[in-house]
Amino acid sequence: MTTIARIETFLVAPRWLFVRMETDSGIVGWGEATCEGRSETVRAAVDQLAELLIGRDALRIEDHWQVLTKGSFYRGGPILASAVAGLDQALWDIAGKHFGAPVHQLLGGPVRDRIRVYGWVGGDEPSEVRDHIAAQVEAGLTAVKMNASGKMSPVASVAELNDVVARVAAAREVLGDERDVAVDLHGRFTLANARRVAPLLEPYRPLFLEEPVVPENSHLIGEFVRSTTIPVSTGERLYNRQEFLPVLQAGIAVAQPDLSHAGGITEVRKIATLAEVYDVQLAPHCPLGPIALAACLQIGFATPNYLIQEQSIGIHYNLGAEVLDYCLDKTPLTFVAGHVERLTAPGLGIEVDDQAVRAADKTGHAWRSPIWRHRDGSYAEW
């Protein structure tokens, strides 16, 4: 039996929470339980859930997942789901290293040899958008994602709507017809605003429109889907199959579970299978660290309905550390013509720099989500 002997957590810059799991035989598995702005809370949850794992067989991954998610009367939600995600990733990393195989091999073997990736671009003005996208194209990416806007009035003005269109038009101008732009509405739009802006963006053919309504209003997303020909995506703030089922039934085209929020590899694999029934593609949310990215890619190499992978190398809020800073070898996550080649090393396929992580944890971080307000002082969705 490969017994779990120790579980540690590390709060590291810029805003991540890493989980280290060690067995009595010396195998170490890593996971990422980051919940942006709430990672200290998740850390406490990981410590509590670890009580259910110490002394147990590390290779009973499904059984552990069932106990971690259902073994308490109160369960679910982003905090507990993120804690489970980090532990689950670490278990899969251990299993891969135990059997000498990458995780995707344990999930049924590869269905592709590389995965297309996209990068996030900022910029408030069209000229800034052009410059930021040009830099990503220069770096070899074939797809980018951008925010449609900053904060939006509940019923947008003509000027606000025109600003959204101008930004996307600038992106299309730089990208041409051979590359893609995804547009993130980020839950900042009311349903009325989302329905008004979508037809204006159709001539620019976005890869998808992301999170047109906040997750609490998922019951409204079907109405938005029926109002546009642009593929609609959502899911970064949905945490299990039960929460994904209504939006799949509503007709979204792309599901975006987060491997560090939605129960880890075990649950996201099941979400992917459910999505396949509805002819929906997977594009996991991942503006996070190297462990989360590696976990996403392992799912992607074994999942037929996998569209593209988000990654945050070079993103503006990575202050204090970059995605690859905690990797001993950066080569596996190197981009080749806008793709990541299939990871072949055992487990998650990357080597985490244990010393760098421990050193970073001494400083930690206190990243918090910004609070936005409209000009009249009322709260604005973020």
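Is Cys 286 buried or exposed, and at what relative accessibility? Cys 286 counts as buried, because its relative accessibility is 1%. The model behind this report is predicted.

## Cysteines

Cys 296 is buried as well, because its relative accessibility is 0%. A search of the whole structure turns up zero disulfides. Cys 286 takes part in no disulfide, and the nearest cysteine sulfur belongs to Cys 296, 4.1 Å away. Seen from the other side, Cys 296 is in no disulfide either, and its nearest cysteine sulfur is that of Cys 286.

Why does this pair not count as a disulfide? The sulfur of Cys 296 is 4.1 Å from that of Cys 286, and a disulfide needs sulfur atoms within 2.5 Å, so the pair does not qualify. A disulfide is a covalent bond between the sulfur atoms of two cysteines.

## Salt bridges across the chain

Side chains of opposite charge can pair when their charged atoms come close. The structure holds 20 salt bridges. One of them joins the side chains of Glu 8 and Arg 358, at 3.0 Å from N to O. This pair links distant parts of the chain, 350 residues apart. Glu 8 sits in strand β1 (residues 4-12), and Arg 358 sits in helix α12 (residues 354-363). Glu 8 counts as buried because its relative accessibility is 16%. Arg 358 has 29%, so it counts as partly exposed. Both residues belong to a network of salt bridges that links Arg 6, Glu 8, Arg 20, Glu 22, Asp 354 and Arg 358.

Lys 145 forms a salt bridge with Glu 210, with the closest N and O atoms 2.7 Å apart. Lys 145 lies in strand β5 (residues 143-147) and Glu 210 in strand β7 (residues 209-210), so the bridge ties together parts 65 residues apart in sequence. Both Lys 145 and Glu 210 are buried. Glu 267 forms a salt bridge with Arg 241, and here the closest N and O atoms are 3.0 Å apart. Glu 267 is in helix α10 (residues 264-277) and Arg 241 in helix α9 (residues 241-250), so this pair ties together parts 26 residues apart in sequence. Glu 267 counts as buried because its relative accessibility is 2%. Arg 241 has 26%, so it counts as partly exposed.

## Asp 57, a charge without a bridge

Asp 57 is placed in the loop between α1 (39-50) and α2 (61-70). Asp 57 is buried yet has no salt bridge. Which side chain of opposite charge is nearest to Asp 57? That side chain is Arg 60, 5.7 Å away. A salt bridge needs the atoms within 4 Å, so Arg 60 falls outside the cut-off.

A polar atom of the Asp 57 side chain lies 3.0 Å from the backbone nitrogen of Leu 59. Leaving out residues up to four places away in sequence, Asp 57 touches Met 1, Thr 2 and His 64.

## Ser 233

Ser 233 is found in strand β8 (residues 232-234). Ser 233 counts as buried, because its relative accessibility is 0%. Which side chain makes a polar contact with that of Ser 233? The partner is Gln 256, at 3.0 Å.

Beyond residues up to four places away in sequence, Ser 233 touches Phe 208, Leu 209, Glu 210, Glu 211, Pro 212, Val 254 and Gln 256. Among them, Glu 210 is also the salt-bridge partner of Lys 145.

How values were computed. Residues numbered from 1 in each chain as written. Predicted model: local features only at pLDDT ≥ 70, side-chain atom pairs only at ≥ 80, totals over all residues. Heavy atoms only, no water. Helix = DSSP H or I, 4+ residues; strand = E, 2+ residues; numbered from the N terminus. Buried < 20%, exposed > 50% of the residue type's maximum accessible area, 1.4 Å probe, protein only. Polar contact = N/O pair within 3.5 Å; in protein donor to acceptor, adjacent residues only side chain to side chain. Contact = heavy atoms within 4.5 Å. Lys, Arg positive; Asp, Glu negative; His and termini not counted.
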